Amino acid sequence: MGVMAGLRDRDRRLARRAIASGPRWVRQIAPAVEEAAEHTKLWWAAAGAMAAVGGWRGRTAAAVGVAAMATAEALVGCVAKRLYRRRRPPPEWVPPDDLRDRPDSSSFPSGHTAAAFGFAAAAAPVWPAAGAVCGVAALVVAAQRVHSGAHYPTDVAAGGVIGLAAAVLVRAAPYLLRRYVL
């Protein structure tokens, strides 16, 4: 078995195990996590709260978080999902309640995870405490995407990498603009 075939096989086995298992309380909170992450509502709410209570630091963290979130979403939706089409985990692996709202788009990479990691990673250097809270929420969103059967683990990992890259790009943008454009 080749390296890629072995990775694909392990990815499928891990996804199947994660979808089928887990404590009952995870299944109970998963719909709330999914709803909060849908259309980046969670991150817009976090940005609003940070801007409202954090003064200059909160507004700055919210602004870079939203910029990184938008950049990550654009990289996933306009680039990555168009370059690599992947089917989502098979419906027979997924509980019927989780199949209702499953998107038809490519499984690879996870846009929810990219947005979550982008927001948290961009906000953390500006306001570490808020960034840590957002980081925990981003991990919960990533785990929920696999647990609900919407993604394979590698989809979520790739989304996380894209989100982190978007955060680095957004944080570096002012320096790059000053150096190369202005």
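**A tour from helix α1 to helix α8**

Select arginine 16 first: its relative accessible area is 47%, so this residue counts as partly exposed. On this scale, buried means under 20% relative accessible area, exposed means over 50%, and partly exposed lies in between (1.4 Å probe, protein chains only). The model on screen is predicted, so local features need pLDDT of at least 70 and side-chain atom pairs need pLDDT 80 or more, while totals for chains, interfaces and linings use all residues. Residues are numbered from 1 along each chain as its sequence is written, and side-chain values use heavy atoms, with hydrogens and water left out.

**Helix α1**

Arginine 16 sits in helix α1, which covers residues 3–20. Helices here are DSSP runs of H or I with at least four residues, strands are E runs with at least two, and both are numbered from the N terminus. Now add alanine 121 to the selection. Its C-alpha is 29 Å from that of arginine 16, and 105 residues separate the two in sequence.

Stay in helix α1 and select arginine 13 and aspartate 9. Their side chains form a salt bridge, with 3.3 Å from N to O; the term requires a side-chain nitrogen of Lys or Arg within 4 Å of a carboxyl oxygen of Asp or Glu. The two residues are 4 apart in helix α1, or about one turn of the helix. Arginine 13 is partly exposed at 46% relative accessibility, and aspartate 9 is partly exposed at 30%.

**The other salt bridge**

How many salt bridges does the whole structure hold? The search finds 2. For the next one, select aspartate 155 and arginine 86, whose closest N and O atoms are 2.7 Å apart. Aspartate 155 belongs to helix α8 and arginine 86 to the loop between α4 (55–83) and α5, so this pair ties together parts 69 residues apart in sequence. Are these two residues buried or exposed? Aspartate 155 is buried, at 0% relative accessibility. Arginine 86 is also buried, at 15%.

**A pocket**

Keep arginine 86 selected and add Met4, Leu7, Arg8, Asp11, Arg12, Tyr84, Arg87, Phe108, Tyr152 and Thr154; together they line the second largest pocket. A pocket is an open set of points on a 1 Å grid over the protein atoms alone, where a 1.4 Å probe fits, with protein on both sides within 12 Å along at least five of seven lines; lining residues have an atom within 4 Å of a point. The pocket holds about 240 Å³ of space, counted as the space filled by probe spheres set on the points. Helix α1 gives the largest share of the lining, 5 residues. By type, the lining has 5 nonpolar residues, 1 polar and 5 charged. Ala, Val, Leu, Ile, Met, Phe, Trp, Tyr, Cys and Pro count as nonpolar, Asp, Glu, Lys and Arg as charged, and the others as polar.

**Two loops and helix α7**

Go to histidine 39, in the loop between α2 (24–37) and α3 (41–53). Most residues other than glycine have a negative phi. Histidine 39 has a positive phi of about 55 degrees, although it is not a glycine. Threonine 40 is found in the loop between α2 and α3, and its phi is likewise positive, at about 55 degrees. Histidine 39 is exposed, with a relative accessible area of 64%, whereas threonine 40 is buried, at 10%.

Next comes serine 105, in the loop between α5 (96–99) and α6 (111–123). This serine is partly exposed, at 32%. Its C-alpha and that of lysine 41 are separated by 20 Å, with their positions 64 residues apart along the chain.

Then select leucine 139 in helix α7 (residues 128–147). Leucine 139 is exposed, with a relative accessible area of 54%. Its C-alpha is 23 Å from that of threonine 60, and the two are 79 residues apart along the chain.

**Last stop**

Finish with tyrosine 180 in helix α8 (residues 153–180). Tyrosine 180 is exposed, at 59% relative accessibility. Add Leu169, Tyr175, Leu176, Leu177 and Val181: with Tyr180 they make a nonpolar surface patch of about 620 Å². Patch residues have over 30% relative accessible area and no salt bridge; like charges are joined within 9 Å, and nonpolar side chains (Val, Leu, Ile, Met, Phe, Trp, Tyr) within 5 Å. Accessible areas come from the Shrake-Rupley method with a 1.4 Å probe.
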